[in-house]
Amino acid sequence: MPETLAVLNCSQLVTLAGAKRPRLGAELRDLSILEDGAMLVRGDSIKAVGNRRDIELLITGDCEVIDAGGRVVMPGFVDAHTHAVFAGNRAGEFEERAGGATYQEIAARGGGINSTVRQTRAATLDELVEAGRRYANWFLRSGTTTIEAKSGYGLTLEDELKILRAIKRLNEDTPMQYVPTFLGAHDVPEEYKSRREAYIDLVINEMLPRVAEEKLAEYCDVFCEANIFSLDESWRILSAARCQGLGLRIHADQLSLSGGAKLAAELSAATADHLEHTDAAGIAALKAASVQPVLLPGSVYALSSNRYPAAREMIDAGLAIVLATDFNPGSSPTPSIRMILSLACTQMKMTPAEAVNASIINAAYSLGRGNEIGSLEAGKRADFVIHDASDYRELPYFFGIEQAHRVYVNGRPVEFEVVS
Ligand SMILES: [Zn+2]
């Protein structure tokens, strides 16, 4: 018999239950909270959700009772945009930027993404898995149970495969659930700078077929930006990825209005990510094509910019917005969705409820996982978090601290040193 758990004494059971599709417009403000709610879990999935009395009636002799201690219980965060597997870090460059150097100056002298590419190429598969395991623990501690993870620091066939294999191992070996994305078109590597066409051929004709054949990725992403991959180059790479059966995501309009949002709409991509410079026409195009925007305020903050994406306009336009960390060693070194919730509420004027829906249920739909995770409903996977809070609004309100009291994946508690 699979183990049975009953979770009782929740100040708020934040279920996010609702229609079987992403939340739009005013729906983003509804969290379907059960005050003093309770939940029954059998094996790896949720059996029943209801008020305390109803769930207590279902408790049998072999059922383990978990007392949430009057805390908030909600689904695990779903981080739909990360670059979570890389070697080394760029704390030295962070110090240089604090001293006034710009991202562009640092890149021009061989730093920036090139420095992470060099270190990641030099690392073995085992070393990458070890580095990734540390970050998986960070994500889990802050209440995140599923992440999308991109390649993109290898930029050779073997090194891109190595990163995707590391993601596969981490998915198997840690409690964290990974959704892998191939991002061979993250940048043109140094050795191809004078012959970029040859690199695009490599991505389309060698990398993509191998990634698809070995089933190492579910999505393909491209960094679409004037000086990185043009609209036309991005279109060619993403069209080839679609032919290989991959879903599409795009780094769009981050540094300039390069047309990435419109391209995402034209290709019916699952998501268009960043969108700091997207205009009203881009927002309308995303709406018409039902593309989900993935907003990444952590990178705006860490780059000392003040140009946050226009979340309110996107919500008013009826877009199913998603919030994510963009965890990476350069522009957004945070694994904390709670920090992102804080930025969404203070800098983008989203309400706490909108931010919670955007970082859980809408994120799950953007990864094709909306029927498995993202809400506490019978039949879904038992990925849930007991937060050290009695009201969900405390999550964006108290910032810069860890609050996950206990984290469960597949109905089992995650083992790590609990701070609270
Ligand atoms: Zn990114």
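Contact here means heavy atoms within 4.5 Å. With that in mind, here are some close-ups of a predicted model.

**View 1. Leu202, a buried residue in helix α7.** Leu202 sits in helix α7. Its relative accessibility is 13%, so Leu202 counts as buried, the cut-off being under 20%. Leaving out residues up to four places away in sequence, Leu202 touches Tyr192 and Met207. For a sense of scale, try Ile55: Leu202 and Ile55 are 147 residues apart in sequence, and their C-alpha atoms are 56 Å apart in space.

**View 2. Helices α6 and α7 side by side.** Stay with α7 and bring in its partner, α6. Helix α6 covers residues 157-173 and helix α7 covers residues 196-213. Their axes are 10 Å apart, and the two pack at an angle of about 25 degrees. That makes α6 and α7 roughly parallel to each other, because angles under 35 degrees count that way. The crossing of α6 past α7 is right-handed. On the α6 side, the residues making the contact are Leu157, Glu158, Glu160, Leu161, Leu164 and Arg165. They meet Glu206, Met207, Arg210 and Val211 of α7. Met207 is also one of the residues that Leu202 touches.

**View 3. Helix α5 against helix α6.** Here α6 is shown with another helix, α5, which runs over residues 125-141. The axes of α5 and α6 come within 9 Å and cross at roughly 50 degrees. The pair is therefore oblique. Again the crossing is right-handed, with α5 passing α6. From α5, the contact uses Leu125, Asp126, Leu128, Val129, Gly132 and Arg133. From α6 come Lys162, Ile163, Arg165, Ala166, Arg169, Leu170 and Asp173. Look out for Arg165 of α6, which is also listed in the contact with α7.

**View 4. The zinc site.** Four protein donors hold the focus here: His81 (NE2), His83 (NE2), His251 (NE2) and Asp326 (OD), lying 2.1 to 2.5 Å from the zinc ion. The angles among the four donor atoms go from 83 to 165 degrees, and the site is irregular. Along the chain, the donors follow the spacing H-x1-H-x167-H-x74-D. His81 and His251 link distant parts of the chain, 170 residues apart. His81 is in the loop between β6 (77-79) and α2 (91-98), while His251 is in strand β10 (residues 247-252). Both His81 and His251 are buried.

**View 5. Thr82, in the loop between β6 and α2.** Thr82 is found in the loop between β6 and α2, the loop that also holds His81. With a relative accessible area of 0%, Thr82 is buried. Not counting neighbours within four places in sequence, Thr82 is in contact with Phe139, Ile147, Glu148, Ala149, Lys150, Thr325, Asp326 and Phe327. Of these, Asp326 is a zinc donor too. Thr82 and Asp388 are 25 Å apart, C-alpha to C-alpha, with their positions 306 residues apart in sequence numbering.

**View 6. Helices α13 and α14.** Helix α13 (residues 337-347) and helix α14 (residues 352-359) have axes that come within 9 Å and cross at roughly 135 degrees. The two are therefore oblique to each other. In this right-handed crossing, α13 passes α14. Ile337, Leu341, Ala344 and Cys345 of α13 make the contact with Pro352, Ala355, Val356 and Ser359 of α14.

**View 7. Tyr397 and Ser342.** Tyr397 belongs to helix α16, which spans residues 394-397. At 60% relative accessible area, Tyr397 is exposed. Tyr397 and Ser342 are 55 residues apart in sequence, yet their C-alpha atoms are 6.5 Å apart in space.

**View 8. Ser115 in helix α4.** Ser115 is part of helix α4 (residues 113-122). Its relative accessibility of 11% means that Ser115 counts as buried. Setting aside residues up to four places away in sequence, Ser115 touches Arg90, Glu93 and Gly110.

**View 9. Ser268 and Leu275, with positive phi.** Neither Ser268 nor Leu275 is a glycine. Ser268 has a positive phi of about 50 degrees, and Leu275 has one of about 65 degrees. Ser268 lies in the loop between α9 (260-266) and β11 (271-274), and Leu275 lies in the loop between β11 and α10 (280-288). Ser268 is partly exposed at 48% relative accessibility, whereas Leu275 is buried at 1%.

How values were computed. Residues are numbered from 1 along each chain as its sequence is written. This is a predicted model: local features need pLDDT of at least 70, side-chain atom pairs count only at pLDDT 80 or more; totals for chains, interfaces and linings use all residues. Side-chain values use heavy atoms; hydrogens and water are left out. Helices (H or I, at least four residues) and strands (E, at least two) are DSSP runs, numbered from the N terminus. Buried means under 20% relative accessible area, exposed over 50%, partly exposed in between (1.4 Å probe, protein chains only). Donors are N, O and S atoms within 2.8 Å of the metal (3.2 Å for Na, K and Ca); water is not among the atoms, so sites may look incomplete. Four donors count as tetrahedral if all angles lie between 85 and 135 degrees; four count as square planar and six as octahedral if opposite donors are over 155 degrees apart and all others between 65 and 115; anything else is irregular. Axes are lines fitted to C-alpha atoms, for helices over the stretch in contact, and angles run from 0 to 180 degrees between N-to-C directions. Angles under 35 degrees count as roughly parallel, over 145 as roughly antiparallel, 65 to 115 as roughly perpendicular and the rest as oblique. A crossing is left-handed if the near helix is turned anticlockwise from the far one by less than a right angle, and right-handed if clockwise.
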